[in-house]
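Here is a short tour for the bench. Take a moment with the sequence and the fold, and then read on.

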Amino acid sequence: MNQKESFIQEIQSRYSYKNDKIILGKAKLDGEIVEEAEISVALKTMNRHGLIGGATGTGKTKSLQIIAEQLSLKGVPTLLMDIKGDLSGIGAPANSEDKNAQERMQSLNLPFDPQGSPIEFLSISDEPGVRLRATVSDFGPVLFSKILELNETQESIISIIFKYCEDRNLPLIDLEDIRRVLQYVTDSDEGKSELNSNYGTIAPASLGAILRKIVALEQQGATKFFGEPSFDVQDLLKTKDGKGIVNIIRLIDIQNQPNLFSTFMLSLLNKIYSQFPESGDSDKPKLVIFIDEAHLIFKEATKALLNQIETMVKLIRSKGVGLYFVTQVPGDVPDAVLSQLGLKVQHALRGFTAKDRKEITKAIENYPTTTYYKANEVITQLGIGEAFITALDEKGIPTPLAYTHMRAPNSRMDVLTFDEINTIVSSSDLVNKYASEINRQSANEILSQKLEQQKNTEKPTTKTTSTKRVPKEKDWTDNPVVRDVSRTATRKLIDLGMKMLNNFLKGKK
């Protein structure tokens with residue numbers, strides 16, 4: 001048996017599955033496409049997570065598009081986090097006259113079937129789409145503390161505040177609610193007394209530090225995210241005409257707001273994990289989540305997000321959910337996460353610098369060894385739309401490393417126009433469902449009313465005195481007749497006195 005026959009036999013035996021699969025392309029050997037060496041992924045293993053890597057312009061985003069649309073065809077809904085805004089084309093069919101796509105599919109002996117997937121646009125900012133919100137209570141004290149990056153002392157305070165609000169029926173909906181509660185137990189005598197007598201003393205300095213963290217989160221735009229109606233993650237599991245809906249979260253305008261993205265990610269993963277039932281060993285996943293440009297998240301996001309992702313990668317698989325990270329080099333992903341990833345689609349890496357060469361070495365160490373390729377050399381020579389692929393078979397065993405010529409997407413390789421996006425958004429039932437924000441009475445309103453009542457009660461009451469003069473008691477001198485007589489008598493006495501003085505002075509002379 002020559003090398004090619006041995007290669008075909010190994011690929012066919014290890015990439016053969018009893019159940020359904022999605023086809024990614026055909027393997028190459030010695031620079032030629034081997035038509036008999038089909039490279040596919042077992043559908044039931046798509047909840048084992050994965051990585052799509054490669055330098056800029058090597059085709060990793062198109063690989064994401066291929067996998068998402070193939071999952072849609074199998075009835076599996078997906079969630080795509082679109083950082084660059086270049087994934088919307090999956091909602092429209094590819095150009096049937098595209099010669100490059102035609103030639104690629106002919107070389108693979110696969111049918112070229114241009115079609116778009118049903119899509120739904122979602123947003124946590126000002127981008128058009130279904131408005132995603134969550135309440136502060138949805139997070140709970142532990143996750144909310146992680147978002148704010150609080151220390152242990154401050155985290156314990158948040159736990160007390162949540163308990164305080166629960167005991168007094170104070171709903172925590174948005175950031176204004178939690179801020180008002182903190183101010184109430186700090187500034188109000190009644191609030192201080194309630195807190196100290198039932199939960200213990202809290203240092204004002206710690207409360208002040210927490211308030212400053214909340215203000216910083218608000219400045220990153222989190223105010224738009226916290227509120228009602230809270231997004232129901234079951235709405236991510238919808239299908240249309242037998243196809244899984246591709247949910248695209250447009251995150252173009254929050255690249256420089258890592259805390260806001262962390263807030264969203266923590267909420268979403270926590271909700272999915274807490275609300276999805278255990279799925280066991282099913283034939284296909286319930287939901288597959290793709291995080292494009294994941295290197296931006298891992299480099300800029302909070303430690304809380306990183307720890308939470310590591311935890312969720314390990315646990316969320318049992319809920320039938322797969323997480324896929326799309327990034328430039330495997331080194332962008334923490335080792336604790338990388339070790340949990342089943343499918344790896346690695347496009348070309350460039351070895352221009354010493355650091356680049358170290359990244360190449362690290363990438364090769366994450367793949368099964370092979371006698372058919374010099375992987376450290378080939379990985380720098382992969383063309384656009386070519387990748388090293390290894391997956392998990394149905395028994396969970398890694399498949400051989402395959403130099404793969406990827407298939408072309410069935411959907412548009414360009415973005416949708418503004419009008420096309422608006423048409424999809426305007427016809428969405430979910431957009432209407434979450435369009436109107438609910439502003440029910442919550443902790444902010446309840447405590448504001450309470451403080452106002454206290455203010456009115458404590459205001460000192462001043463007696464109003466009459467401005468009318470109390471008339472003096474009249475005496476006999478007030479009589480006008482008496483006054484006239486008195487004046488006359490006084491004048492006569494003065495005249496008499498003057499005469500007597502004059503006569504006295506004359507006699508002296």
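A cavity here is a set of grid points where a 1.4 Å probe fits but cannot get out. This is a predicted model, and it holds 3 cavities of 30 Å³ or more.

Let's look inside one of them. The second largest cavity has a volume of about 60 Å³. Its lining is made up of Leu132, Arg133, Phe225, Phe231, Phe264, Ser267, Leu268 and Lys271. By class, those lining residues divide as follows:

| Class of lining residue | Residues in the second largest cavity |
|---|---|
| Nonpolar | 5 residues |
| Polar | 1 residue |
| Charged | 2 residues |

Next, helix 4. How far does helix 4 (residues 136-148) span between its end C-alpha atoms? The span is only 12 Å, whereas a straight helix of 13 residues would cover 18 Å at 1.5 Å a residue. Helix 4 also bends, by about 80° at Val142. Its buried residues are Val136, Phe139, Gly140, Leu143, Phe144, Ser145, Ile147 and Leu148. Just after the helix comes Glu149, with a positive phi of about 55°.

Finally, a glutamate in a strand. Is Glu386 buried or exposed? Glu386 lies in strand 13 (residues 386-390). Its relative accessible area is 9%, and buried means under 20%, so Glu386 counts as buried. The side chain of Glu386 has a partner too: it makes a polar contact with the side chain of His405, at 3.5 Å.

Methods
Residues are numbered from 1 along each chain as its sequence is written. This is a predicted model: local features need pLDDT of at least 70, side-chain atom pairs count only at pLDDT 80 or more; totals for chains, interfaces and linings use all residues. Side-chain values use heavy atoms; hydrogens and water are left out. On a 1 Å grid over the protein atoms alone, a cavity is a set of points where a 1.4 Å probe fits but cannot get out, and a pocket is an open set with protein on both sides within 12 Å along at least five of seven lines; lining residues have an atom within 4 Å of a point. Grid points are joined across faces, edges and corners, and a volume is the space filled by probe spheres set on the points. Ala, Val, Leu, Ile, Met, Phe, Trp, Tyr, Cys and Pro count as nonpolar, Asp, Glu, Lys and Arg as charged, and the others, Gly among them, as polar. Helices (H or I, at least four residues) and strands (E, at least two) are DSSP runs, numbered from the N terminus. The expected span of a helix is 1.5 Å times one less than its number of residues. The bend at a residue is the angle between axes fitted to the seven residues ending there and the seven starting there. Buried means under 20% relative accessible area, exposed over 50%, partly exposed in between (1.4 Å probe, protein chains only). A polar contact is a pair of N or O atoms within 3.5 Å; within protein, one must be able to donate a hydrogen and the other to accept it, and residues adjacent in sequence count only if both atoms are side-chain atoms.
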